[in-house]
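Reader: I like to know what stands behind each label before I trust it. Could you take me through the reasoning here?
Author: Happily! Let's look at it together.

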Amino acid sequence: MINEKIIVQSLEKLQPNIYLMKAKAPVIASQVKPSQFCNIKVSDNDFPLLRRPFSVCDVQGDSIFFMFDVHGEGTRILSEKMIGDEIEVLGPLGNGFNYNKKFNKALIIAGGLGVAPFPFLTKVLIDKVEIVSLIGGRNKNYVVKYGLKNVSVATDDGSEGYKGTVLDLLEANKESLIDDGTIIFSCGPTPMLKALQKFAEQNNVECQLSTECAMACGFGICQGCPVHSSTEDKYLLVCKDGPVFDSKEIVL
Ligand SMILES: Cc1cc2nc3c(=O)[nH]c(=O)nc-3n(C[C@H](O)[C@H](O)[C@H](O)COP(=O)(O)OP(=O)(O)OC[C@H]3O[C@@H](n4cnc5c(N)ncnc54)[C@H](O)[C@@H]3O)c2cc1C
Ligand code: FES
């Protein structure tokens, strides 16, 4: 983990409220794994005081990418950065997905901005296994396919793809989507991850959940990001023990 001053190289609008930032970050780019994240000091001033966590969305040479939607003050400030601006970033943080094992299909399930870690995972796995991506958004303005492969879309209002949740789409197609060598890699809002946890248990499929919660330090000091362990009477920390957990490992 280092505190690197990254330099903004581009800021692209992918959807009306969703941005992709590319920044030069040679040290983090050389170390980061898919679904690790960075804690970004969005402003040079003291407001907002706390850094904001964002998944590293992609890596190209010595550049890293972040994808974010404008949510509150922190993301609004990020969306107004200019090319050449310097930003202080702590990373890479967290554990990342565990893909160094035998499997033949990566089934990516993402909800909303939960797509953010998957362009990088797709790049790493593309020559190794089959990749199928199911992504869900509330409407077509929240659907981002950047960097993904074999994408099927679900929207709550039916404005793009299947009408329903991404879990509905998964359930409707599970026979063709899941076989013995499948691992589900997932990221999205907690209710979606909770439903997926249940799905994985019922269908006996390995499932890794990249979880989210509000964070302060981002590296295990403040104890501000607890999640219940399902196997022991203790808390795990999302920033340090996660953000990726086996779906059997935690209680959401
Ligand atoms: C490990 C990790 C990786 C993340 N990766 C991404 C990413 O790649 N792209 C992205 O857009 N977002 C990501 N997030 C979420 C992102 O950090 C928050 O949306 C961001 O901090 C909001 O900052 P803000 O100042 O704009 O909003 P704030 O003013 O801080 O918050 C606006 C509203 O959102 C709520 N909120 C803040 N953080 C979270 C959260 N983590 N989960 C649920 N609600 C929250 C607040 O309670 C408030 O109601 C990630 C979070 C974690 C923990
Ligand atoms: S955010 Fe401080 S311990 Fe996790």
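Author: A word first: this is a predicted model. Let's begin with ligand 1, where the largest share of the surrounding shell, four residues, comes from β4.

Reader: Which other elements supply at least two residues of that shell, besides β4?
Author: β6 (63-69) and α2 (73-79) do, alongside β4 (52-55). The shell holds 21 residues, and F68, G72, G74, T75 and A116 come nearest to ligand 1.

Reader: How do the residues of the shell around ligand 1 divide into nonpolar, polar and charged?
Author: There are 12 nonpolar, five polar and four charged residues. Glycine counts as polar in this scheme.

Reader: What makes you call helix α3 largely enclosed by the rest of the structure?
Author: The label "buried" requires 20 or more other C-beta atoms within 10 Å of a residue's own. Six of the eight residues of α3 (residues 118-125) are buried, so the helix is largely enclosed. Those buried residues are F118, P119, F120, L121, T122 and L125.

Reader: And which strands do the buried residues of α3 pack against?
Author: They pack against β5 (58-60), β8 (105-111), β9 (130-137) and β12 (182-187).

Reader: How do you know that β14 and β17 pair?
Author: Pairing takes at least two bridges between the strands. Two bridges join β14 (residues 226-229) to β17, so they pair, and they run antiparallel. In one of the bridges, H228 has V251 of β17 as its partner.

Reader: Why are β15 and β17 said to stand at the edges?
Author: The open sheet has three strands in the order β15-β14-β17. β15 (235-237) and β17 (250-251) each have a single partner strand, so one side of each is left without a neighbour in the sheet.

How values were computed. Residues numbered from 1 in each chain as written. Chains lettered and ligands numbered in written order. Predicted model: local features only at pLDDT ≥ 70, side-chain atom pairs only at ≥ 80, totals over all residues. Near = placed C-beta within 6 Å. Buried ≥ 20, exposed ≤ 12 C-beta atoms within 10 Å, placed from the backbone. Contact = placed C-beta atoms within 7 Å.
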